[in-house]
Each structure stands twice: as C-alpha cells, then as structure tokens.
Amino acid sequence: MNRAGPWRQHCPASWPDWAKKWAKTRGSLTRKLVSTGGRFEVEPVRQGLQALTGRDAWHLDLAGRPKVQARLVRLRLNGVPVVLAKTVVQVKGVRNDWPFWRGLGRRSLGTALFSDPMVQRGPLYFARLPARQAWIKALALPDVCPVSGWYVRCARYLRKPGATPMWVFEVFVPALNEVNQEK
C-alpha cells in the first residue's frame with residue numbers, strides 16, 4: 001500500500017477502545033466474530049466488475065486503472081451489521097490465483113483465506129475514512145452511518161509468490177461496541 005493518504009501501519013491511539021480491539025485482530029476476523037456466540041452471517045451486497053478511480057488504483061499500488069472484481073458484504077451478528085467489507089482483486093487474478101472467488105456467495109471470505117495454507121496476509125493498514133466515502137455508503141444502512149467517519153483496516157493477501165494480490169477492507173461499525181461489552 002502506498003503510505004501517502006490516510007493509511008497508517010499502526011492503529012491510531014485516538015480510536016475508541018472497541019474499534020482498536022477489533023481492528024488489531026491478527027488472525028481471522030470471521031473466527032473472532034463467530035467466537036462471540038452470536039449468529040454470524042455474511043450478507044452479499046454486490047459482486048462483479050468495478051472500475052477503479054485513479055486514486056483507488058494509486059492507493060492499492062496498481063498500475064493504471066486495471067479491471068477489478070469487487071465484492072461488497074455486510075457481516076452480521078444476530079442480524080445486526082457489525083462489519084462492512086470490500087474485497088478487490090484484478091480480473092486476471094480471479095481465475096488464476098483465487099479459484100474460490102466465484103463460488104463465495106454467502107460464505108465468509110475470511111474462512112476461505114485463513115483455511116488455505118498458501119495464503120499469506122501482509123501488514124495491516126488503518127485509516128479513519130470520511131462518512132461520505134462512496135463504497136462504504138453503498139454498504140451502510142441509514143441507522144449505522146456515523147457522523148464523524150469510519151474506522152477501517154485493510155490488508156493485502158497473496159496466494160503464491162508473484163500472484164495477483166487481493167485487497168480486503170474492513171469497516172468497523174459502532175454496533176461492535178455492544179458485542180465487545182457482551183464478551
């Protein structure tokens with residue numbers, strides 16, 4: 001990831017405790033959500049071709065404006081959206097490097113990634129993105145839109161050396177504060 005812009009390699013100390021606790025999860029976020037004992041669900045919102053803006057391609061260290069496949073989902077606990085997620089991979093990599101991509105449906109991407117011993121996650125990056133961020137607004141429901149912005153992390157995944165990377169962005173919804181208190 002290009003270090004310019006809002007992304008940092010350390011979770012900011014200014015984030016609320018509930019957001020830091022979830023954002024700093026080193027293993028599978030899916031596994032951590034499932035471990036709360038709540039009913040975990042993946043709600044697909046959209047999956048398909050997407051045009052990247054020059055700014056998006058630049059932040060993801062992608063040359064030019066490649067065609068990408070994008071997947072937008074809401075992760076829910078007991079019916080409540082707690083994480084909004086976006087996954088981006090270049091079209092050429094879907095077929096060659098990420099064979100499970102097309103069949104995900106309601107399955108968790110995290111389960112697929114963390115059960116494949118070939119997959120390696122790069123460093124986590126953290127950002128506070130504005131409430132008006134377009135791709136997040138496409139996922140957010142009116143009752144989960146914060147006034148001051150979103151707490152977001154992302155990571156780059158590789159399945160084999162020289163393969164097409166996959167980028168996963170996870171937005172932590174304030175409802176996770178209640179989940180934190182229950183655990």
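This passage walks through the fold, the sheet, the main cavity and some side-chain contacts of a predicted model.

The protein chain has 183 residues, and 51% of them count as buried. Its secondary structure comprises seven helices and six strands. Read from the N terminus, these elements follow the order α-α-β-α-β-β-α-α-β-α-β-β-α.

The sheet is a good place to start. Six strands build an open sheet, arranged E1-E2-E3-E6-E5-E4, with antiparallel pairing. Strand E1 (40-51) and strand E4 (120-129) are the edge strands, each with a pairing partner on one side only. On average, and with direction ignored, neighbouring strands of this sheet are turned by 20° against each other.

Crossing the sheet from the E1 edge, the pairings can be followed one by one. E1 is joined to strand E2 (residues 67-77) by 11 bridges, the two strands running antiparallel. Here Ala 51 faces Lys 67 of E2. E2 in turn pairs with E3 over 10 bridges, again in the antiparallel sense, and Arg 74 is found opposite Leu 84 in E3. E3 is then linked to E6 by seven bridges, also antiparallel; Lys 86 has Phe 169 of E6 as its bridge partner. Between E5 and E6 there are seven bridges in the antiparallel sense, with Ala 155 standing opposite Val 168 in E6. At the far side, E4 and E5 pair over eight bridges, antiparallel once more, and Arg 128 has Tyr 151 of E5 as its bridge partner.

Two of these strands deserve a word on burial. In E3, 10 of the 11 residues are buried, so this strand is largely enclosed by the rest of the structure. E5 is likewise largely enclosed, because seven of its nine residues are buried.

The turn between E2 and E3 has a backbone feature worth a look. The hairpin of these strands has two residues between them, and Asn 78 there adopts a positive phi near 50°. Most residues other than glycine have a negative phi. Asn 78 is in the loop between E2 and E3, and its relative accessibility of 47% makes it partly exposed.

Turning to internal space, the structure contains two cavities of 30 Å³ or more. The largest cavity has a volume of about 210 Å³. Its lining consists of 21 residues, and those nearest its centre are Thr 30, Leu 109, Gly 110, Val 168 and Glu 170. Val 168 has already appeared above, as the residue of E6 opposite Ala 155. Both helices and strands contribute to the lining of the largest cavity: helix H2 (29-34), E2, strand E3 (80-90), helix H5 (109-115), strand E5 (150-158) and strand E6 (166-172) each provide at least two residues. H5 gives the largest share, four residues.

Aromatic side chains form a further set of contacts. Seven aromatic pairs are found in a search of the whole structure. One of them joins Trp 98 and Phe 100: the ring centres are 6.0 Å apart and the planes meet at 75°, so the pair is edge-to-face, since planes over 60 degrees apart fall in that class. Both partners are inside the protein by the burial criterion of under 20% relative accessible area: Trp 98 is buried at a relative accessible area of 0%, and Phe 100 is buried at 15%. Elsewhere, Trp 15, Trp 18, Phe 126 and Tyr 151 make up one aromatic cluster. Tyr 151 thus takes part in that cluster and is also the bridge partner of Arg 128.

Two lysines complete the picture. The charged end of Lys 32 is placed over the ring of Trp 22, at 4.8 Å from the ring centre. Lys 20 belongs to helix H1 (residues 17-23). With a relative accessible area of 17%, Lys 20 is buried, as the cut-off for that label is under 20%. Its C-alpha atom is separated by 9.5 Å from that of Phe 172, although Lys 20 and Phe 172 are 152 residues apart along the chain.

Terms used: Residues are numbered from 1 along each chain as its sequence is written. This is a predicted model: local features need pLDDT of at least 70, side-chain atom pairs count only at pLDDT 80 or more; totals for chains, interfaces and linings use all residues. Side-chain values use heavy atoms; hydrogens and water are left out. Rings of Phe, Tyr and Trp (its six-membered ring) pair if their centres lie within 6.5 Å; planes under 30 degrees apart count as stacked, over 60 as edge-to-face and the rest as tilted. Buried means under 20% relative accessible area, exposed over 50%, partly exposed in between (1.4 Å probe, protein chains only). A charge sits over a ring if NZ of Lys or CZ of Arg is within 6 Å of the ring centre and within 35 degrees of the ring normal. Two strands pair if DSSP finds at least two bridges between them. Axes are lines fitted to C-alpha atoms, for helices over the stretch in contact, and angles run from 0 to 180 degrees between N-to-C directions. On a 1 Å grid over the protein atoms alone, a cavity is a set of points where a 1.4 Å probe fits but cannot get out, and a pocket is an open set with protein on both sides within 12 Å along at least five of seven lines; lining residues have an atom within 4 Å of a point. Grid points are joined across faces, edges and corners, and a volume is the space filled by probe spheres set on the points.
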